[in-house]
Amino acid sequence: MKRDDEKTCKVAEEGHQRFTSVEHWLEPRLFQHRFVIMILFLLASVLFAWQAALLKPDASFQKMVPATHPFIANYLKYENELRPLGNNIRIAVEAKNGDIYSKEYLDTLKAVTDEVFYIPGVDRGNLKSLWTPNVQWMEVTETGLNSGQIIPQGFDGSPAMLDEVRANIARSGRIGSLVAADQKSTIVQVPLLEIDPDKGTKLDYGLFSERLEKLVRDKYEAQGVKIHIVGFAKVVGDLIHGAKAIGLFFAITFVMTVVLLLWYSRCWKSTLVTVFCCSLAVIWQLGIVRLLGFGLDPYSILVPFLTFAIGVSHAVQNINTMATERLAGKSNMETAKQTFRQLFIPGTIALLCDAVGFSTLLVIEIGVIRELAISASVGVAVIVLTKMFLLPILMSYVGVTDACLRHQAKKAQSDHRFMRMLSRFAEPKFAKIAVLGAVAIFATAFVLNRDLKIGDLDPGAPELRADSRYNRDNAYITGHYSTSSDVFVVMVKTPAGECGAYPTAEVVDRFQWEMENVAGVESTTSLFTIQKKIIANVNGGSLKWQALSRNRFVSNSAQRMIPSELYSNDCSMLPVLVFLADHKADTLSRVVKAAQAFAAENNTPQAEFILAAGNSGIEAATNIVIKQAEVMMLVLVYAIVALLVWWEFRSLRVTICIMVPLYITSALCEAIMAQLGLGVKVATLPVIALGIGIGVDYGIYIYNRLQCFLDRGMALKEAYFETLKTTGVAVALTGVTLALGVLTWVWSDIKFQADMGLLLMFMFLWNMVGAIIMIPALAALLLPRRSTP
């Protein structure tokens with residue numbers, strides 16, 4: 001009878017003999033102690049739920065950068081000296097009416113400066129605005145060099161005082177840096193401390209960003225000014241704020257999954273049990289992450305989605321097998337045992353492949369990516385427990401509904417026209433067509449993905465949408481100030497006390513000239529840029545004196561008037577600031593290459609050029625790490641997944657059948673990234689590994705079932721038709737379930753979440769389509785007729 005062909009094959013008991021002892025050893029112990037095991041799951045769930053409730057947002061500057069890269073190591077070595085040039089924010093206070101030369105505006109600017117000064121996490125000694133004493137003007141007079149604070153003591157807002165402020169700003173040379181070119185706004189520059197010196201705790205970027213919004217933007221925009229805020233801390237704060245909507249997305253995903261499972265199974269019992277076990281896996285994953293000392297950053301907050309979706313996708317196989325066995329007349333207990341025996345090995349191997357996809361991300365030496373890898377691997381581990389052990393136990397109690405059995409019987413009596421059509425790909429004629437089509441798709445993808453770049457390809461903060469408030473603020477500051485927000489800092493190391501010496505000055509001056517001639521560089525500045533102006537000023541303002549001086553007394557005298565952030569306390573290091581037009585991958589690559597080439601030719605014990613700091617220097621290091629790790633990560637994930645598949649089926653030909661569709665989908669994903677203008681970066685690189693690790697599940701389940709029917713002596717086409725009628729439908733539902741799990745990310749305010757959702761959805765669906773079409777086609781061409789691999 002037809003129903004006999006649809007019964008669960010005995011490969012888990014008769015074939016795969018190397019696993020028999022494991023399954024037979026586990027099965028009686030699992031089902032004989034069901035109540036005790038459920039009590040243990042309950043106690044563990046209470047513990048992990050308590051820990052999950054204590055989870056807090058966690059993001060830090062050092063977690064977002066490759067801390068072991070030489071660029072970052074060099075930056076951290078001089079972190080205290082470079083703090084005003086490192087992790088800081090810039091607040092532009094814009095006058096809505098008129099310019100900045102009014103008592104009302106300047107009083108508001110003072111209030112903003114004072115407000116920011118007292119926000120925890122601010123490096124108060126290096127805070128700068130027109131009101132702070134570390135921002136001064138200088139002037140050459142007949143009596144000598146005069147200087148003073150831009151807004152003088154006793155400022156009362158009178159016309160005379162306002163004229164004096166106007167003159168002081170002009171004499172300070174701060175137009176374009178602290179004062180906008182149109183003089184309608186000014187900057188409050190706010191360096192940050194990674195560790196709060198009072199409490200000893202890490203800076204809470206989410207809380208810091210909320211304080212900026214509440215205490216600065218909301219409070220003072222009501223007083224007639226407009227506030228624009230940019231900087232790393234604000235980007236992270238906006239990411240954390242945008243991630244709060246993730247709860248709504250999870251709720252939507254949850255409802256869609258329940259509806260999909262009910263439609264597929266027509267069984268409210270198995271649907272509730274499945275959703276319960278998968279939700280429990282999410283709670284366990286969050287609790288274990290908390291016990292490991294991690295928090296939720298904008299990247300790892302997506303892991304619960306994947307945990308839930310992976311759990312549901314694997315549980316679909318349980319639902320399908322339970323319904324089939326119950327229809328054959330078996331009891332709930334017998335059905336649960338049979339489901340455990342049949343799915344334990346392929347399900348565990350598939351989940352191991354998922355874990356491999358996640359764990360290979362550990363080769364990327366960036367804190368947030370490594371935490372994502374660990375969190376996701378923990379999620380897979382708890383799925384093994386809840387799906388492989390708890391789900392069969394619960395199903396042995398509840399069983400399936402009569403409606404489910406009627407629906408299963410109806411499906412068994414169907415003529416399955418669509419399945420029969422798909423099974424024709426197991427015929428050599430159609431198999432060749434499918435393979436030729438796959439080759440054409442791969443060739444097209446290979447050509448298109450040659451345009452794929454490493455790093456960011458958009459201005460502003462590409463992690464956020466182009467019309468986000470942050471990117472609008474960034475566009476305003478970029479358009480009104482001459483100093484770019486993209487700064488690449490090269491540190492020049494000298495013997496102590498020699499940073500202002502002429503040999504150092506000469507080589508730094510040449511370095512600045514060469515860098516200013518690199519495409520993408522707008523300007524440079526250093527200790528000697530200002531020193532030359534001061535020397536000219538003290539010599540009557542004559543431009544012929546605006547040059548480096550060999551006279552040490554002259555250079556030392558000028559250096560005393562230069563801001564301290566342009567050299568270290570012991571004068572053993574001076575930073576060279578390279579202002580870039582953007583932070584695109586090509587721009588950063590050119591700048592790094594030019595700086596390294598100059599350093600290789602000109603480094604001496606008296607002046608050693610060390611890369612790199614500044615936001616662009618850090619991003620350049622990140623791009624380098626990702627470029628190096630990409631190839632290693634892909635080789636590892638493909639090699640380990642292929643080894644696991646070979647270990648499962650002990651056949652190189654079967655391994656090729658399962659792995660080829662994954663490689664084609666990866667190539668297609670990279671082509672789509674190139675066409676959408678998405679670079680390979682922290683947000684997109686994990687997608688490829690995740691897609692491979694999870695995508696191989698389809699092939700494992702399909703071929704495991706296919707081999708069952710081949711072992712009975714069926715022809716490949718008929719065996720594949722029988723596979724499609726059962727496991728094939730479940731695999732299709734698995735792909736849709738996974739795609740639904742990430743679909744809601746597309747509407748996130750955080751652009752990198754939307755990008756990850758789009759790419760993962762594509763990979764989940766295409767891996768499913770590729771497995772259903774390519775596995776029988778490749779098997780028809782590679783496997784011996786009617787033989788078991």
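Trainee: How many helices and strands does the protein have?
Mentor: The protein has 27 helices and nine strands, and keep in mind that this is a predicted model. Along its principal axes, the C-alpha trace spans about 110 × 50 × 40 Å. Of the 789 residues, 59% are buried. Among contacts between residues at least 6 apart in sequence, 81% join residues at least 24 apart.

Trainee: Let's talk about helix pairs. Why are H10 and H26 called roughly antiparallel?
Mentor: Their axes cross at roughly 165° and come within 10 Å. Angles over 145 degrees count as roughly antiparallel, so H10 and H26 are roughly antiparallel to each other. The crossing is right-handed.

Trainee: Which residues of H10 and H26 meet?
Mentor: From H10 (residues 246-265), the residues are Thr253, Met256, Thr257, Leu260, Leu261 and Tyr264. They meet Val729, Ala730, Leu733, Val736, Thr737, Leu740 and Gly741 in H26.

Trainee: And what makes H3 and H14 oblique?
Mentor: Helix H3 (residues 34-53) and helix H14 (residues 367-398) have axes that cross at roughly 130° and come within 11 Å. An angle over 145 degrees would be roughly antiparallel, and 65 to 115 would be roughly perpendicular. The value of roughly 130° fits neither range, and therefore H3 and H14 are oblique to each other. Their crossing is left-handed. In H3, Arg34, Phe35, Ile37, Met38 and Phe41 meet residues of H14, including Leu385, Leu390, Ile393 and Tyr397.

Trainee: Back to H26. How do you know whether Thr723 is buried or exposed?
Mentor: Buried means under 20% relative accessible area, and Thr723 has 0% relative accessibility, so Thr723 counts as buried. Thr723 is found in helix H26 (residues 716-743). Leaving aside residues up to four places away in sequence, Thr723 touches Ile702, Arg705, Leu706, Phe709 and Gly728.

Trainee: What makes the pair Thr723 and Ala719 a polar contact?
Mentor: A polar atom of the Thr723 side chain lies 2.9 Å from the backbone oxygen of Ala719. The cut-off is 3.5 Å, and the 2.9 Å separation falls within that cut-off.

Trainee: Why does Glu670 count as buried?
Mentor: Glu670 has 15% relative accessibility, which is under the 20% limit, so Glu670 counts as buried. Glu670 sits in helix H24 (residues 652-676). Beyond residues up to four places away in sequence, Glu670 touches Asn449, Leu452, Glu630, Leu634 and Ile688.

Trainee: Why is Phe117 called partly exposed?
Mentor: The relative accessible area of Phe117 is 29%. Partly exposed lies between under 20% and over 50%, so Phe117 is partly exposed. Phe117 belongs to helix H6 (residues 103-117). Apart from residues up to four places away in sequence, Phe117 touches Val122, Arg124 and Leu127. From C-alpha to C-alpha, Phe117 and Val36 are 59 Å apart in space, and they are 81 residues apart in sequence.

Trainee: How do you know that Cys278 is in no disulfide?
Mentor: A disulfide needs a pair of cysteine sulfur atoms within 2.5 Å. By this rule the count comes to zero disulfides. For Cys278, the nearest cysteine sulfur is that of Cys277, 6.8 Å away, so Cys278 does not meet the 2.5 Å limit.

Trainee: Are Cys278 and Cys657 buried or exposed?
Mentor: Cys278 is buried, as its relative accessible area is 5%. Cys657 has 0% relative accessibility and also counts as buried. Both values are under 20%, the limit for buried.

Definitions and conventions:
Residues numbered from 1 in each chain as written. Predicted model: local features only at pLDDT ≥ 70, side-chain atom pairs only at ≥ 80, totals over all residues. Heavy atoms only, no water. Buried < 20%, exposed > 50% of the residue type's maximum accessible area, 1.4 Å probe, protein only. Helix = DSSP H or I, 4+ residues; strand = E, 2+ residues; numbered from the N terminus. Polar contact = N/O pair within 3.5 Å; in protein donor to acceptor, adjacent residues only side chain to side chain. Contact = heavy atoms within 4.5 Å. Axes fitted to C-alpha atoms, helices over the stretch in contact; angles between N-to-C directions. Parallel < 35°, antiparallel > 145°, perpendicular 65-115°, else oblique. Left-handed = near helix turned anticlockwise from the far one by under 90°.
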